[in-house]
Amino acid sequence: PCWIDSNSGTAIVESANILGLAMLSAMKRRALGLDSHGLGIVLRDERFTDCRQIIIGIGGSATNDGGFGMARELGWRFENDRGKPICDWIDLVNLRKIHPTEIKLSSEIIVAVDVQNPLLGPNGCTRVYGPQKGLREEYIPQAEAALARLAEVWDTQIGEEVASLPGAG
């Protein structure tokens with residue numbers, strides 16, 4: 001699922017080859033049950049140790065998790081309002097605290113985005129791309145609330161407003 005040019009120290013990872021829509025039959029699309037942990041597994045691969053930069057293409061993924069699964073796989077911890085770990089992205093609605101990873105990637109990460117949609121709102125990722133990933137209409141408010149809470153806690157802890165950031169969706 002990746003290409004590495006040892007001369008330039010650049011790797012290209014196409015997330016659609018790891019967790020893409022085309023890899024799932026329409027019957028297996030469960031947008032609330034899928035996350036991006038497979039991308040985190042790939043990024044920890046020792047083949048990237050000598051890479052100067054990793055470019056990740058994120059179009060065509062089968063998940064709407066805001067990078068939650070990838071971050072967890074890389075060692076980030078997400079804690080609910082009772083201090084317990086959150087294991088499913090849809091439960092981010094109860095997010096209280098984000099604990100960044102101690103794992104340090106040796107490469108610069110560049111995310112290649114082919115859309116300008118914000119994270120939230122009528123043009124956000126849940127409303128625009130959720131249905132193609134198998135998200136049923138009745139679950140859109142729940143998914144939007146989970147990502148809204150993630151964005152709120154991120155803004156509070158990191159000081160970066162991401163909810164309306166073009167391309168965040």
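Is Val-111 buried, exposed or partly exposed?

## Val-111 and the surface patch

In this predicted model, Val-111 comes out at 44% relative accessibility, so it counts as partly exposed. You'll find Val-111 in strand β6, which runs over residues 108–112.

Val-111 also helps build a nonpolar surface patch of about 420 Å². Its partners there are Ile-58, Ile-103, Leu-105, Ile-109 and Val-113.

## The largest core

Now for the inside. In soluble globular proteins, nonpolar side chains tend to be buried together. Here, the largest nonpolar core has 24 residues, and the members touching the most others are Phe-78, Trp-89, Leu-92, Leu-95, Leu-147 and Leu-150. At least two residues each come from α3 (68–73), β5 (95–99), α4 (125–129) and α5 (140–158). Helix α5 gives the largest share, with 7 residues.

Take Phe-78 as a way in. Leaving aside residues up to four places away in sequence, Phe-78 touches, among others, Phe-68, Ala-71, Ile-86, Leu-92, Leu-95, Ile-98 and Leu-150. Its contact list also includes Arg-72, Lys-84, Pro-85 and Lys-97.

## A second core

There's another core to look at, separate from that one and made of 12 residues. Val-13, Leu-43, Phe-48 and Ile-56 are among them.

## Asn-80, a buried polar residue

Asn-80 sits in strand β4, residues 77–80. With a relative accessible area of 7%, Asn-80 is buried, because the cut-off for that label is under 20%. Setting aside residues up to four places away in sequence, Asn-80 touches Ile-86, Asn-94, Leu-95 and Arg-96. Ile-86 and Leu-95 also turn up among the contacts of Phe-78.

Definitions and conventions
Residues numbered from 1 in each chain as written. Predicted model: local features only at pLDDT ≥ 70, side-chain atom pairs only at ≥ 80, totals over all residues. Heavy atoms only, no water. Core = buried A, V, L, I, M, F, W, Y, C linked by side-chain atoms within 4.5 Å. Buried < 20%, exposed > 50% of the residue type's maximum accessible area, 1.4 Å probe, protein only. Helix = DSSP H or I, 4+ residues; strand = E, 2+ residues; numbered from the N terminus. Contact = heavy atoms within 4.5 Å. Patch = residues over 30% accessible without salt bridge, like charges linked within 9 Å, V, L, I, M, F, W, Y side chains within 5 Å. Areas by Shrake-Rupley, 256 points an atom, 1.4 Å probe, with all protein chains shown as cover. Salt bridge = Lys/Arg side-chain N within 4 Å of Asp/Glu carboxyl O.
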